[in-house]
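Visitor: I have a structure open and want to go through it with you. Can we start with the ligand site?

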Amino acid sequence: MKLILLGPPGAGKGTQAEVLTKKLGVETISTGVMLRAAMREGTELGKLAAQYIEGGKLVPDDVVVGIVKERLSQDDCKNGFILDGFPRTIAQAEALNDAGVEIDKVLSLEVDDSVIVDRLSGRRECKACGTPYHIKNKPVPENGKCVCGGEVIQRDDDNEETIKNRLKVYHEQTEPIKEYYAAQGKVVSVDSEGTVEETTAAVDKALGL
Ligand code: AMP
């Protein structure tokens with residue numbers, strides 16, 4: 001299964017990807033997790049990405065396309081993968097297509113903007129492995145550490161002003177991707193405003209799992 005997860009920030013892409021990765025037995029490729037790792041390591045890529053991520057803007061297409069292509073060429077992606085946070089522009093979707101990558105399905109997680117700010121302000125993430133948590137919906141284990149033992153933190157870009165920018169960018173640049181894939185008959189949409197479990201059940205049904 002070659003699956004794309006689409007939806008605004010806070011739609012639950014990372015959370016559902018975690019469940020789907022286990023069920024489908026394929027890796028999740030998250031551009032956000034890869035870019036934040038590069039930022040922490042202080043690499044050239046990380047320094048470049050920080051300039052965009054901190055303001056809620058998109059990292060340039062050629063940069064992101066490059067890291068995704070490189071990642072997808074690795075052996076563990078041969079039998080399928082889940083893309084979380086990529087593509088985010090029509091140009092990225094076209095680059096994927098031009099690279100000969102055949103997507104099977106695009107799962108669109110639907111959440112109204114009014115729910116997003118509240119969701120994102122309660123969101124936390126493992127600094128080491130990127131596993132997502134939420135203070136109400138998916139609490140951190142009792143010892144305060146991620147299941148991998150890593151430190152759980154709040155992302156710098158989960159603040160109100162940046163969230164508003166990210167939502168604007170989503171509607172302007174990412175949402176048109178839905179039409180792009182709908183024209184190929186690949187989009188399945190799921191209501192993602194309920195609990196994690198409700199959304200997981202709806203995802204299973206939509207994907208026939
Ligand atoms: P995410 O973890 O998916 O919410 O991504 C966090 C931030 O990383 C975004 O707000 C962008 O600045 C950047 N980013 C992640 N994926 C992409 C992408 N496919 N294209 C451009 N920028 C991206």
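Visitor: How do the residues of the shell around the ligand divide into nonpolar, polar and charged?
Guide: The model is predicted. In it, the shell has six nonpolar, four polar and six charged residues.

Visitor: Which residues are the closest to the ligand?
Guide: T31, R36, K57, G85 and Q92 are the closest, out of 16 residues that surround the ligand.

Visitor: Which element gives the largest share of the shell?
Guide: Helix α2, residues 31-41, with four residues.

Visitor: What about R36, where does a polar side-chain atom of that residue lie?
Guide: It lies 2.9 Å from an oxygen atom of the ligand. T31 has a polar side-chain atom 2.8 Å from a ligand nitrogen, and for R88 the distance to a nitrogen atom of the ligand is 3.0 Å.

Visitor: And how much of the ligand does the protein bury?
Guide: The protein buries 96% of the 480 Å² that the ligand exposes when taken alone.

Visitor: Changing topic. How many disulfides are in the whole structure?
Guide: A search finds zero.

Visitor: Why is C126 without a bond to C146?
Guide: Because the two sulfurs are 3.7 Å apart, which is too far for a bond; the cut-off for a disulfide is within 2.5 Å. C146 holds the closest cysteine sulfur to that of C126.

Visitor: And C148, what is the nearest cysteine sulfur there?
Guide: That of C126, 3.7 Å away, and C148 is in no disulfide.

Visitor: Are C126 and C148 buried or exposed?
Guide: C126 is buried, at 1% relative accessible area, whereas C148 is partly exposed, at 46%.

Terms used:
Residues are numbered from 1 along each chain as its sequence is written. This is a predicted model: local features need pLDDT of at least 70, side-chain atom pairs count only at pLDDT 80 or more; totals for chains, interfaces and linings use all residues. Side-chain values use heavy atoms; hydrogens and water are left out. A residue is near a molecule or strand if one of its heavy atoms lies within 4 Å of it. A polar contact is a pair of N or O atoms within 3.5 Å; within protein, one must be able to donate a hydrogen and the other to accept it, and residues adjacent in sequence count only if both atoms are side-chain atoms. Accessible areas come from the Shrake-Rupley method with a 1.4 Å probe; for residues, only the protein chains shown count as cover. Helices (H or I, at least four residues) and strands (E, at least two) are DSSP runs, numbered from the N terminus. Ala, Val, Leu, Ile, Met, Phe, Trp, Tyr, Cys and Pro count as nonpolar, Asp, Glu, Lys and Arg as charged, and the others, Gly among them, as polar. Buried means under 20% relative accessible area, exposed over 50%, partly exposed in between (1.4 Å probe, protein chains only).
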